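Please open the model in a viewer and have the selection tool ready. The tour below proceeds from the overall division of the chain to individual side chains.

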Amino acid sequence: MRRDLRLFQVDAFADRPFSGNPAAVCLLDAPAEPAWMQQVAAEMNLSETAFVSPAEDGFDLRWFTPAVEVDLCGHATLASAHVLFETETLAAATPARFHTRSGLLTVGCRDEGYEMDFPADPPAPCTAPAGLAAALGAEPVAVLQGRVDLVVRLADAASVRGLTPDFAALRRIKARGIIVTAAGDKPDRDFVSRFFGPQVGIDEDPVTGSAHCTLAPYWAAELDRDRLNAYQVSARGGRLSLALDGDRVRIGGRAVTVFTGVLHA
């Protein structure tokens, strides 16, 4: 049976259109079949499409790349909260509560955008997988393993910006994503990063909130402070504020609606 559903495209971790990371947000009146959600995500062909449906104490939230469902996504969570607040589905004083594969995630309005409460994922040093340096085209200073992502530290921010990876070779590295990072080279950037996820159908993700669940505890330890400013140096770019709070990371950012429409499904 055909349904008409509200659909939004939002640039997350952005204060103007056509920057940050675009996500589609589909508002549902009830949970949908995973196969159908995967088809919609493939049709949208963005790094993530989020599906939001009412729950007893908040909302159910699921995220899909064009190829697979994922357990955690930051920018599409930010985009989903932005839609709920912008459409006045939620009052600004009421935090958005999302029930997800990664547990309860909350997003609140702040003076400058939104703040998400995510689980921290401290990485541990590991042996670099065979072929990693060749696939990236750069020699790591350190390699660490988070729950699902590899963290690769390079010598400086210029090396991160200048990477031109071999994505076919990176696809053979067993990790959801490869996060490449270095210390920042500007006063307002404590560190920079890029995120490559060819195994989940995303060669490069413009701004990856979930990667900062791993980056925040790493750089907090390296720099000996729990509040950080991060910048993802993709072509679109995106700024994130971070606060490490025990086993949680508070991730701040802005979002902008680019267009709205109706999904005839």
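A polar contact, as the term is used here, is a pair of N or O atoms within 3.5 Å, where within protein one atom must be able to donate a hydrogen and the other to accept it. The model on display is predicted.

Begin by colouring the two domains. Select residues 4–117 together with 252–264 for domain 1, and residues 124–246 for domain 2, as the domain assignment of the chain gives them. The C-alpha centres of these two domains are 23 Å apart.

Next, display the boundary between them. Here 19 residues of domain 1 are in contact with 17 residues of domain 2. The two domains bury about 1,300 Å² between them, and 52% of this area lies on carbon and sulfur atoms. On the domain 1 side, select Phe13, Leu72 and Gly252: these residues lose the most area to domain 2, together accounting for 35% of what that side buries.

Now turn to the polar features of the boundary. How many residue pairs are in polar contact across the interface of domain 1 and domain 2? The rule finds 10 such pairs, with both residues at pLDDT 80 or more. Strand E2 (21–27) and helix H2 (74–86) are the elements that give two or more residues to the side of domain 1 touching domain 2. That side divides into 7 nonpolar, 9 polar and 3 charged residues.

Finally, show the side chains of Asp11 and Arg236, which meet in a salt bridge at 3.2 Å, N to O. Across the interface of domain 1 and domain 2, the rule finds 1 salt bridge.

Methods. Residues numbered from 1 in each chain as written. Predicted model: local features only at pLDDT ≥ 70, side-chain atom pairs only at ≥ 80, totals over all residues. Heavy atoms only, no water. Domains from an automatic or database assignment. Contact = heavy atoms within 4.5 Å. Buried area = accessible area lost by both parts, 1.4 Å probe. Salt bridge = Lys/Arg side-chain N within 4 Å of Asp/Glu carboxyl O. Polar contact = N/O pair within 3.5 Å; in protein donor to acceptor, adjacent residues only side chain to side chain. Helix = DSSP H or I, 4+ residues; strand = E, 2+ residues; numbered from the N terminus. Nonpolar A, V, L, I, M, F, W, Y, C, P; charged D, E, K, R; others polar.
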